[in-house]
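Please open the structure in your viewer and set it to a cartoon display, so that selections can be added one after another.

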Amino acid sequence: MKRIVLTGGGTAGHVTPNIALLPRLKELGYDIHYIGSYDGIERKLIEQYKIPYYGISSGKLRRYFDWKNFSDPFKVIKGYGQARALLRKLKPDVVFSKGGFVSVPVVMAAKHRKIPAIIHESDISPGLANKLAIPNAYKVCCNFPETLKYLPSDKAVLTGSPIRQELLSGNRLNGLTYCQFKLGKPVIMVVGGSSGSQFINDVVRSLLPDLLKDYQILHLCGKGHLDNSWKDTEGYAQFEYANKELSDMFALADIVISRAGANAICELLALRKPNILIPLSANASRGDQILNARSFERQGFSIVIEEEHLNNIVLLDAIQKLFQNRSSYVDAMAQSEQLNSVEKVVQLLEQAVAQN
């Protein structure tokens, strides 16, 4: 039996692509194990799939001054020793890393034990954790054509991001029932990220009197961001978040307004949903969402509005433009080389196992 160790953590975005690979890996007969941090979000996400989980010490290497910068290197060294011991015990044929600082000692330990490690970079420019891991990797998968110039040419592969296959099998009629919407009137889906965006929520709600004349609005507004003053408004359905019903919601949506996290926009690409991206500002992040969004704009997949320029008039104009020209955005997405990512990644894993 082939054995694989998956790793990655710190945020859900460093875990969900690993989860997307699970069904195909199981079909191919892999014995799957996961290495993450002791109590990170990855533990909770992975254990529900009954995958053996191993926690190791994890530190973060910060680009700014923090007293933890003096203690965390020792955590990383400890994690490296633990990862080496685990890999010696598990003897995997291949390691797949989705990034985050917990993955760095695992990839380094894999190199020490001569186990091929394939890593995945979600954003246009590699984050610090993956920069440290790349020299130890067999191959490096990426989401965007622009990322290839940052990676060693003999390792870089444009794959896109593995997407949970259940998202592709949503039912529009189920979505209509869940949201209590009418058949025949187009639907705009608004997604503000896992924690929501109060600013985007406010702009969208201020436009509701105009939007509800022509559209129905499905609004995933984030935990704690429901607005009871719009409760029971016909054509407007608001939810803090979505679980199993998310695939039906996507099937229902004609166009989507979204943040520009790498996994989120790759889901929109896989689903071929015309979209308006409102990336996190550079003040609130390292600017990766802006780069992600601009790449999708250049490829003809998206309209981009930077947060500093977002207002009622700009958003309303963008919605009208997107809806009127939505078929051209769908056509552009259909030509993308970043589709069928699960199969591309699995082929690389199989290749690594065969050559090991």
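The tour below moves from the sheet to the helices lying across it and then to a cavity.

Keep in mind throughout that this is a predicted model. Begin by selecting the strands: seven of them form an open sheet with parallel pairing, and their order across the sheet is β3-β2-β1-β4-β5-β6-β7. At the edges stand β3 (53-56) and β7 (156-158), and because each has a single partner strand, one side of each is left without a neighbour in the sheet. As you pass from one strand to the next, the twist averages 25°.

Next, select residues 117-121, which are strand β5, together with residues 139-142, which are strand β6; the two run parallel and are joined by four bridges. Within this pair, look for I118, which stands opposite K139 in β6.

Now add the helices. Helix α1, residues 16-27, lies across β1 (3-7), β2 (31-37) and β4 (94-97), and runs at about 170° to β1. Helix α13, residues 341-355, lies across β1, β4, β5, β6 and β7, and its direction is at about 150° to β4.

Finally, turn to the cavities, of which a search of the whole structure finds two of 30 Å³ or more. The largest has a volume of about 50 Å³, and to see its lining you can select T16, P17, A20, S161, P162, I163, R164, N263 and E267. Which helix gives the largest share of this lining? That share, three residues, comes from α1, while α1 and α9 (262-271) each supply at least two. Coloured by type, the lining residues divide into four nonpolar, three polar and two charged.

Terms used
Residues are numbered from 1 along each chain as its sequence is written. This is a predicted model: local features need pLDDT of at least 70, side-chain atom pairs count only at pLDDT 80 or more; totals for chains, interfaces and linings use all residues. Side-chain values use heavy atoms; hydrogens and water are left out. Two strands pair if DSSP finds at least two bridges between them. Axes are lines fitted to C-alpha atoms, for helices over the stretch in contact, and angles run from 0 to 180 degrees between N-to-C directions. Contact means heavy atoms within 4.5 Å. On a 1 Å grid over the protein atoms alone, a cavity is a set of points where a 1.4 Å probe fits but cannot get out, and a pocket is an open set with protein on both sides within 12 Å along at least five of seven lines; lining residues have an atom within 4 Å of a point. Grid points are joined across faces, edges and corners, and a volume is the space filled by probe spheres set on the points. Ala, Val, Leu, Ile, Met, Phe, Trp, Tyr, Cys and Pro count as nonpolar, Asp, Glu, Lys and Arg as charged, and the others, Gly among them, as polar.
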